[in-house]
Amino acid sequence: MIRIKLLLVFLLCGVFGMEAQEITLRNSSFEGSPGYSRLPRKWVDCGFQEESPPDLHPEPRNIFNVGLRAYNGRTFLGLVTRDNNTWEAVGGLLNYQLEAGQCYRFQMALASAPEFVSASRATGLPKIYNAPVRLKIWGGNDYCELQELLATSPPVRNGEWEVYTFLIQPRMGNYSVITFSAEYTEDAVSATNGNLLLDAASAFEPMVDCEVSGSSVSDAEAAAGAAPIVLKLPTAEYFSEEENRLSFLANTLRDFWFLEDYTLADKRFLLD
């Protein structure tokens, strides 16, 4: 009887230990003291050195004209893209590593403020930052390390909070740090002013696999992580200018990541 009780204790400890290893981001609800260029607690700025850090909303003076309330908790994060070919990003630490080859389900509330106001970095004048923006989720093992692109959202245009679902499967390594980056949409032919609001990052839930048809995730839920990424070419006249060619290539090639055997890490790209 003593042996049975001891075995039961060990089994219960194992179960509780597995439950304790839920993979989450620290301060996943982006809580902190709201304001201009203020980061949520436990998050770091991964943007461009010459640019200001992201902002934590709702900003007390509402200088950005963002009317949303937090989806969860008191505050939420705002990231922008700018018309000078820069964008904002933040890095956060996981409590446990994401393992290579394992599929995870991840969710986050996203929105875009339709009348987001800020100064243009190209002209210095006030501008409406309402161009569509997509979220990129990167894996790494140091803050701001972009070792592998794990997921890309469709362009976020919704003015109210919507929960986006991503199916994530690291292939190039195990990762302990996640970077969220706001970047231009895949069909953008120039740098644009846009905004992306983030809140309520979920835990990374292990899945049997990342095949949409073989998992419990519906096609609609998995669209953010599994839909094809369509690359749309501008007109021939657009490519007559060398600056336009370089800008287009820089924005497009940033999406392509290759494995050691020179195959695409993400095979969802289509050319329109």
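Here are four short exercises on this predicted model, each with a worked solution.

**Exercise 1. Find the disulfides and work out which parts of the chain they join.**

Start with the count: two disulfides are present. Remember what such a link is: a covalent bond between the sulfur atoms of two cysteines.

Take Cys-46 and Cys-144, whose sulfur atoms lie 2.0 Å apart. That falls within the 2.5 Å cut-off for a disulfide. Next, place both ends. Cys-46 sits in the loop between strands E1 (43-45) and E2 (55-57), and Cys-144 in the loop between strands E8 (133-140) and E9 (148-152), so the bond ties together parts 98 residues apart in sequence.

Now turn to Cys-103 and Cys-210, which are joined with an S to S distance of 2.1 Å. Here Cys-103 belongs to strand E5 (residues 103-111), while Cys-210 is in the loop between strand E13 (205-207) and helix H2 (219-226). These are distant parts of the chain, 107 residues apart.

Finally, number the bonded cysteines along the chain, and the pattern reads 1-3, 2-4.

**Exercise 2. Give the handedness of each disulfide, then say whether Cys-46, Cys-144 and Cys-103 are buried or partly exposed.**

Begin with the torsion about the S-S bond. For Cys-46 and Cys-144 it is about -80°, so this disulfide is left-handed. For Cys-103 and Cys-210 the value is 100°, and the link is right-handed.

Then check accessibility, recalling that buried means under 20% relative accessible area. Cys-46 has 17%, so Cys-46 counts as buried. Cys-144, at 31%, is partly exposed. Cys-103 has a relative accessibility of 1%, so Cys-103 is buried.

**Exercise 3. Asp-199 carries a charge that needs a closer look: which side chain of opposite charge is nearest, and what polar contacts does Asp-199 make?**

First, locate the residue: Asp-199 is in strand E12 (residues 194-199).

Second, test for a salt bridge. The nearest side chain of opposite charge belongs to Arg-41, 11 Å away. A salt bridge needs a distance within 4 Å. Asp-199 is thus buried without a salt bridge.

Third, look for polar partners. The side chain of Asp-199 makes a polar contact of 3.4 Å with the side chain of Ser-29. The Asp-199 side chain also reaches the backbone nitrogen of Asn-72 at 2.9 Å.

Fourth, survey the surroundings. Beyond four places in sequence, residues that Asp-199 touches include Phe-30, Tyr-71, Phe-76, Met-108 and Trp-161.

**Exercise 4. Describe the nonpolar cores, and list what Phe-204 touches.**

A helpful background point comes first: in soluble globular proteins, nonpolar side chains tend to be buried together.

The largest nonpolar core here has 30 residues, and Phe-180, Leu-198 and Phe-204 have the most contacts inside it. Ask next which strands supply this core. At least two residues each come from strand E3 (76-81), E4, E5, E8, E9, strand E10 (162-168), strand E11 (175-184) and E12.

Now focus on Phe-204. Setting aside neighbours within four places in sequence, Phe-204 is in contact with Ile-23, Leu-25, Leu-94, Leu-98, Tyr-104, Arg-105, Phe-106, Ile-168 and Ile-178.

To finish, look for a further cluster: a second, separate core has twelve residues, among them Val-66, Phe-76, Phe-116 and Tyr-129.

Terms used
Residues numbered from 1 in each chain as written. Predicted model: local features only at pLDDT ≥ 70, side-chain atom pairs only at ≥ 80, totals over all residues. Heavy atoms only, no water. Helix = DSSP H or I, 4+ residues; strand = E, 2+ residues; numbered from the N terminus. Buried < 20%, exposed > 50% of the residue type's maximum accessible area, 1.4 Å probe, protein only. Lys, Arg positive; Asp, Glu negative; His and termini not counted. Polar contact = N/O pair within 3.5 Å; in protein donor to acceptor, adjacent residues only side chain to side chain. Contact = heavy atoms within 4.5 Å. Core = buried A, V, L, I, M, F, W, Y, C linked by side-chain atoms within 4.5 Å.
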